[in-house]
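Good morning, colleagues. Please take a moment with the sequence and the structure before I begin.

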Amino acid sequence: MDLILYNAALDPQHKQAAVAIRDGIIAAVGGPELLQEPGPDTTLLDLQGLPLLPGLTDSHLHLAETGRSMEVVDLSPARSPQEMGQLLRDFIREQQLPPGRLVLGWGWNQDHFPSRAFPTLEELDAMAPGHPLVLTRVCQHIALANSAAMALAGIDPSTPDPVGGEIGRGPGGRLTGVFREFAVPLLPQPPITPEDVRRWIQKAAGRAAALGLTAVHTDDLCNLPGLSWGEVLDLYLQLDREGKLPIRVVEQCLFLTVDELEAFFARGFYPGWSQGNFTIGPLKIIADGSLGARTALLSQPYHDLPQAGKGIASIPREDLEALVLTAHRHGMGAVIHAIGDGALDLSLNAIQAARDAFPEIRETPCHGIVHCQITRPDQLRRIREMGVQVLAQPVFLEYDLHMADLRVGEELGRSCYAWRTMVDSGIPFSAGSDSPIESMDPFGNLYCAVTRKDYQGRPDGGWHPGECLTLTQALEAATAGGAFAGGLAGRCGRIAPGYWADFTVPDRDIFAIPPEELLHTRAAMTIVGGTVAASKKEL
């Protein structure tokens, strides 16, 4: 044996367990008897009674964007447009940026402002005079630009809205500086180089390992302007060959056209193709925007602002159906970003159409819905009957529980974020963070899943507490559920002989603490393939 972990708590019933590892694979699971005959080269690691969890997985995030977010102005602390301006001016001064240099910011949320309104163009122009500003909302579905940034991009009142996007306009067509969905790429961005992306991936992967994640499912191929999907894919493969991916990465392959997807298949890639710690996962499609930005596509107008309409479809219905059909024909599942119930209807219809078009495909790929937040009871039944998986983000409730009922009304809100209903009905269910939208911290995700409270413990008893998951269910979503979502069931997500030796060791006994203490839990050690990827404690 290469490594034996012992004195470990696998669950509340097995607190003196041992696990033996050979060549990165679990060879045996038992008790103290595994320590009787260690080999001369066997490393023994005493976990001192701490839990040994199957490696925690994040089933949907954006790894490169997470790394990128570490290098721009963090606007998340701002509680007013004036505070946004102060954060920007501080950054410009600290970085000694010359006048005229483009400045990027990320993470603002107007729902934290007293007015709950977007900054006006006048407020944007006053934030950092002399600098073009592009400031992305926390959801990444809306960006703000000051007049200097719009002039730099050549945008004026005559600029047409792109397909799937919207340029904000006021009375008389006057620009407001607000850009929604596929209008955001019209704004200026500094050129992205392959070296930038390498750096961002490495930063974010290292952070993920430190937080206790052994695997992440990421969406990077077609959302890094200036780099082709092939260049991004080659960067991942190069990093893996160099031993610079400390965690496992499943690529949710975002393609915007059928031609791109067919070119991907023509190059020889397919779901399950792997090299070292990198694996090709499902196709990723974006069907709508975000609830906080009111760009999620609903079936009815927004309850708190009917004049905003029903949201935005990010992709024409015909293109959505063509992408799902192409993936299905090649045996590839499609996981579709659908937050609003209107987008969910379109997504389920596209999946059903693909199945109807190719009934001879017996080994049906498992399609899924990413986010799946605003759901009607009839849709929950349809998801179950169709056998569609859900890739949810429990951590979204930290913010969403304060505005979801406002956006959609209390009646519809009662059937939204319906995790317990999904799990109890047998819907395949996994948990992710959508980082950098929210933190990658898996224990914060577990906390939100089992309490349905924000980080301040509100509301008492949790928001719609009947939809709370048990800790066992939440851990299943973060382990075996994530393995299923990535096409890796049977290889990771459980502690059993033959599985990869991927483990997360929390710094306290999560089986014995109050659920609220999950929020303060950290990873003591992260092990990937029998190798320590991150450690904060001598064991």
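How much space lies in the largest cavity? Before I answer, please note that this is a predicted model. The largest cavity holds about 110 Å³ of space. The count of cavities of 30 Å³ or more comes to three.

Let me turn to the walls of the largest cavity. Its lining consists of 17 residues, and those nearest its centre are Ala431, Pro442, Asn445, Leu446 and Ala478. Four elements each give two or more residues to this lining: the strands β6 (56-61) and β20 (429-431), and the helices α15 (442-451) and α16 (471-478). By class, the lining comprises 13 nonpolar residues, three polar residues and one charged residue.

Which element gives the most to the lining of the largest cavity? That is α15, with four residues. This helix deserves a closer look.

In α15, 10 of the 10 residues are buried, so the helix is largely enclosed by the rest of the structure. The buried residues include Pro442, Asn445 and Leu446, which are also among the residues nearest the centre of the largest cavity. Phe443, Tyr447 and Val450 of α15 are buried as well. At the N-terminal end, α15 is capped by Asp441, which places a side-chain oxygen 3.0 Å from the backbone nitrogen of Phe443. Just after the helix comes Arg452, with a positive phi of about 55°.

I now move to another helix, α1, which spans residues 63-69 and contains Arg68. Is Arg68 buried or exposed? Arg68 has a relative accessible area of 13% and is therefore buried, the cut-off for that class being under 20%. What does the side chain of Arg68 meet in a polar contact? The partner is the side chain of Gln189, at 3.0 Å. Leaving aside residues up to four places away in sequence, Arg68 touches Leu104, Gln189, Ile192 and Trp200.

Finally, the sheet. Four strands form an open sheet in the order β5-β21-β22-β23, and their pairing is antiparallel. The edge positions belong to β5 (53-54) and β23 (531-535); each has a single partner strand, so one side of each is left without a neighbour in the sheet. The partnership between β22 (residues 523-528) and β23 is antiparallel and rests on four bridges. Within this pair, Met525 stands opposite Ser535 of β23.

To close, I would return to α15: this helix gives the most to the lining of the largest cavity, and 10 of its 10 residues are buried. Thank you.

Definitions and conventions
Residues are numbered from 1 along each chain as its sequence is written. This is a predicted model: local features need pLDDT of at least 70, side-chain atom pairs count only at pLDDT 80 or more; totals for chains, interfaces and linings use all residues. Side-chain values use heavy atoms; hydrogens and water are left out. Two strands pair if DSSP finds at least two bridges between them. Buried means under 20% relative accessible area, exposed over 50%, partly exposed in between (1.4 Å probe, protein chains only). A polar contact is a pair of N or O atoms within 3.5 Å; within protein, one must be able to donate a hydrogen and the other to accept it, and residues adjacent in sequence count only if both atoms are side-chain atoms. Contact means heavy atoms within 4.5 Å. On a 1 Å grid over the protein atoms alone, a cavity is a set of points where a 1.4 Å probe fits but cannot get out, and a pocket is an open set with protein on both sides within 12 Å along at least five of seven lines; lining residues have an atom within 4 Å of a point. Grid points are joined across faces, edges and corners, and a volume is the space filled by probe spheres set on the points. Ala, Val, Leu, Ile, Met, Phe, Trp, Tyr, Cys and Pro count as nonpolar, Asp, Glu, Lys and Arg as charged, and the others, Gly among them, as polar.
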